[in-house]
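Here is a tutorial dialogue on how to read strands, sheets, helix crossings and salt bridges in a model. Please look at the sequence and the structure before reading on.

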Amino acid sequence: MQTKFINNPENITSELLEGYVLAYPDAVKLADENIVVRANPKPADKVAIVTLGGSGHEPALSGFVGEGMLDCSVVGDIFAAPGAQRLFKALQLMKREAGILLVVLNHSGDVMSANMACQLAERAGIKVAKVLTHDDISAGIDANVDDRRGLAGCIPLYKILGAASEEGKSLDELVEIAERYNRNVATLAVAMRSCSHPQSGAVITDLPEGIMEIGMGQHGEGGGGQKPLVSADDTAAEMVDLLCRQLKPAAGSKVMLIINGVGATTHMELNIVFRKAYRELEAKGMQVVYGRIQELLTVQEQAGFQMIMALLDDDHIEYLKNRTSKAPYWTTIGK
């Protein structure tokens, strides 16, 4: 039984991208099959920021292509990484003397495609550096970084890197800015209803009514274990506590707090969660210098949210708050 407004399931990715670039022609265009680029390219003497990932998470990741953010997004099928050859084609399109910074979320398919494409790029004389995002802390405080998945914490990083690149920072400088952010960002996801796969209709994970899971992954993968659903305040307080245990912020720390809706949770709920999380951080002596409530990276009709927290240095704050972006899904609110 059809449950979504789609046509042939095999054409979902191509049709959604076609619709997207038709809606925002001043910002984005398709450079090749499933490769979204800026409509007005950045000068070649500035580093290009490129990312990759599966479709089905809209507006991520292509919604953040545009002046002041990403230069290129390479799109895979639903919940699937694009192949190395498609990514290599994008790196060829972005080739420049200043170099390319490739931002990769820590998921096995994305990492495999990125490693293979970077090897091909090196042989072709394309200057590429790679940054791996791994902000999901559901594996535990002592977990190896390599075991931590990439969640929506990559989106503010696109803004930081895009702004720094526009300023003229070198490839090495951008890598340093990104890794400093990576060391001080943490994300937790909570779900009370899983998503389905839009091509097959199959439910990814079964969550009984009245049950939630803190630590669920980007595609409905299991995380921290199931427990009875509790109030917004109790959920937010528990998640803030877990994020603070990971980041170990000092009193007076300057903090970014983002609540990312993952598809089927109302903005009413997200606002209530943000309110409690903000008050919890305030009570711990921290200063929330950047806040945002938005659907940045969704998981179809999954009900829940991702809480993203980062300890920011002054340059990160400057790039987040005071630099304009023209990426379609960042400019809907703020700069």
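The dialogue below takes up the sheets, then the helices, then a salt bridge.

Q: What kind of model is this, and how are its residues numbered?

A: This is a predicted model, in which local features need pLDDT of at least 70 and side-chain atom pairs count only at pLDDT 80 or more, while totals for chains, interfaces and linings use all residues. Residues are numbered from 1 along each chain as its sequence is written, and side-chain values use heavy atoms, with hydrogens and water left out.

Q: How do I read a sheet, and in what order do the strands S1 to S6 stand?

A: Strands of a sheet pair through backbone hydrogen bonds, either parallel or antiparallel. Strands here are DSSP runs (E, at least two residues), as helices are (H or I, at least four), numbered from the N terminus, and two strands count as paired if DSSP finds at least two bridges between them. In this structure six strands form an open sheet with mixed pairing, in the order S1-S2-S4-S3-S5-S6. S1 and strand S6 (128-133) stand at the edges with a single partner strand each, so one side of each has no neighbour in the sheet. From one strand to the next the twist averages 25°, where angles run from 0 to 180 degrees between N-to-C directions and axes are lines fitted to C-alpha atoms, for helices over the stretch in contact.

Q: In which sense do S1 and S2 pair, and in which sense do S5 and S6?

A: S1 and S2 pair in the antiparallel sense over four bridges, and they form a hairpin with two residues between them, where Asn 34 in the turn has a positive phi of about 60°. Within this pair, Asp 32 has Ile 35 in S2 as its bridge partner. Strand S5 (residues 100-105), by contrast, pairs with S6 in the parallel sense over six bridges, and Leu 101 stands opposite Ala 129 in S6.

Q: What is the strand order in the sheet that contains S9 and S11?

A: Six strands form this open sheet, again with mixed pairing, in the order S9-S8-S7-S12-S10-S11. Strand S9 (226-228) and strand S11 (287-294) stand at the edges with a single partner strand each, so one side of each is left without a neighbour in the sheet. The twist averages 20° from one strand to the next.

Q: How do helices H2 and H3 cross, and which residues make the contact?

A: The axes of helix H2 (residues 84-94) and helix H3 (residues 108-123) come within 8 Å and cross at roughly 45°. H2 and H3 are therefore oblique to each other, since angles under 35 degrees count as roughly parallel, over 145 as roughly antiparallel, 65 to 115 as roughly perpendicular and the rest as oblique. Contact means heavy atoms within 4.5 Å, and the residues that make it include Leu 87 and Phe 88 of H2 and Met 116 and Leu 120 of H3.

Q: How do I read a salt bridge, and which parts does the pair Arg 86 and Glu 33 tie together?

A: A salt bridge is a side-chain nitrogen of Lys or Arg within 4 Å of a carboxyl oxygen of Asp or Glu, and a search of the whole structure finds 20 of them. In one, the side chains of Arg 86 and Glu 33 meet at 3.9 Å, N to O. Arg 86 lies in helix H2 and Glu 33 in the loop between strand S1 (28-32) and strand S2 (35-38), so the pair ties together parts that are 53 residues apart in sequence.
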